[in-house]
Amino acid sequence: MPAAPLPRVMADGPLAPAVLEPLAGQVEWLPWTNEPGTDYADVAAVYTYGHPHVGGALLDRLPKCRVVSNYGVGVDHIDLKAAAARNIPVGNTPGILDGATADMGFTLLLASARRLIEGDTYARSPQFTTYDPGYMLGREVHGATLGILGMGRIGAQVAKRARGFDMRVLYHNRNRRAEVEASLGVEYMALDVLLAASDYVMLCCPLSDATRGIINRETLAKMKPTATLVNIARGPVVDTAALYEALAEQKIAGAGLDVTDPEPLPRDHPLLKLPNVVIAPHLGSATIETRRKMAELSVANLLAGLAGKELPHRVAPPA
Ligand code: 8YV
């Protein structure tokens, strides 16, 4: 008897071995396409690795799709309403990348405050021939005030680290988080108050209609001229043109960016030329351990969906 065909899974790649290996011989991978003409009528699942857009038009071309599994927690690139309307469960990987992402937030904060990248470049250059105690003075992190926008799991991990640096921690969130206030001593503030009071502002919120462009010309103007903005959320939470202007004109002191809008920025984007920007290529969860856990959970979500079972981590459909 001929073997039953493997379920066909459409994915953007190239996929990591940690995703491919546990699924070897269990699925047939199909390359990502948005082409209406492509015959993907029998695709059983969609696996999103690097944030390709999944909307109603795509799902309509995949009438047999039983699950969308996302490698990562943020699902702003997936139209959850469109998936729910077609009874397609969406899986993601929450709860396992908070520590790594918060570590990255602090890496950017420290690197920006202490001018690490400028220092590294200088220390390697032919110009570094004599030590001068007057150069590259940064700003203190310990004892400073950190404002966190978005007090979810990642925000709470950032707050926990900030305590170790004796920082005062302010936060703004859709809802007050009484348990986090009690356990981590963070103070809830209106956004304007938080921006005006913080030496460091860290963005840890999901991208949604409410947060898109929340950091713009107007809100940047509320920040201290000595303050640093750190974005470990999503690029479009910040208006890129307004951020460039604020940094170029030194209306704020610096920025540490793990995410940008667009991502990546065009190679000749002026933001990339500013010395007061530290930028990483979306490395928030990029540790060996965390990325392995993300692979395991997203594979488990995929297999459960293919088997018609409840996903280990299903994204709640939008209210
Ligand atoms: C991943 C992320 O790098 O989980 C998220 O939302 O942005 C990152 O952890 C990403 O999802 C992998 O594409």
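These exercises work through the strands, cores and one helix of a predicted model.

Residues are numbered from 1 along each chain as its sequence is written, and side-chain values use heavy atoms, without hydrogens or water. In this predicted model, local features need pLDDT of at least 70 and side-chain atom pairs count only at pLDDT 80 or more, while totals for chains, interfaces and linings use all residues.

**Exercise 1. Trace the strand pairing from β6 to β11.**

Step 1. Helices (H or I, at least four residues) and strands (E, at least two) are DSSP runs, numbered from the N terminus. Two strands pair if DSSP finds at least two bridges between them.

Step 2. Start at β6 (residues 145-149). It pairs with β9 in the parallel sense over four bridges. Leu-146 stands opposite Tyr-200.

Step 3. Move to β9 (residues 200-203). Four bridges join β9 to β10, again parallel. Met-202 faces Val-230, and Leu-203 faces Asn-231.

Step 4. Finish at β11 (residues 254-257). It runs parallel to β10, joined by four bridges. Asn-231 has Leu-257 as its bridge partner there.

Step 5. Add the connection. β10, helix α10 (residues 240-248) and β11 make a right-handed β-α-β unit. Right-handed means that, with the strands pointing away from the viewer, the path from the first strand over the helix to the second runs clockwise.

**Exercise 2. Assign the side chains of β9 and β10 to their sides, then place Met-202 in its core.**

Step 1. In β9, Tyr-200 and Met-202 point one way, Val-201 and Leu-203 the other; all are buried (under 20% relative accessible area, 1.4 Å probe, protein chains only).

Step 2. In β10 (residues 228-231), Thr-228 and Val-230 point one way, Leu-229 and Asn-231 the other, and all are buried.

Step 3. A nonpolar core is a set of buried Ala, Val, Leu, Ile, Met, Phe, Trp, Tyr and Cys residues joined through side-chain atoms within 4.5 Å. The largest has 49 residues, and Met-202 is among those with the most contacts inside it. Helix α4 (residues 98-113) gives the largest share, seven residues.

Step 4. List contacts (heavy atoms within 4.5 Å). Beyond four places in sequence, Met-202 touches residues including Phe-106, Leu-109, Leu-146, Ile-148, Val-158 and Val-230.

Step 5. A second, separate core of 30 residues includes Val-201 and Leu-229.

**Exercise 3. Check the length of helix α11.**

Step 1. α11 (residues 288-306) has 19 residues. The expected span is 1.5 Å times one less than the number of residues.

Step 2. Its first and last C-alpha lie 27 Å apart, close to the expected 27 Å.

Step 3. Look just past the end. Gly-308 takes a positive phi of about 75 degrees.

Technical notes. Buried < 20%, exposed > 50% of the residue type's maximum accessible area, 1.4 Å probe, protein only.
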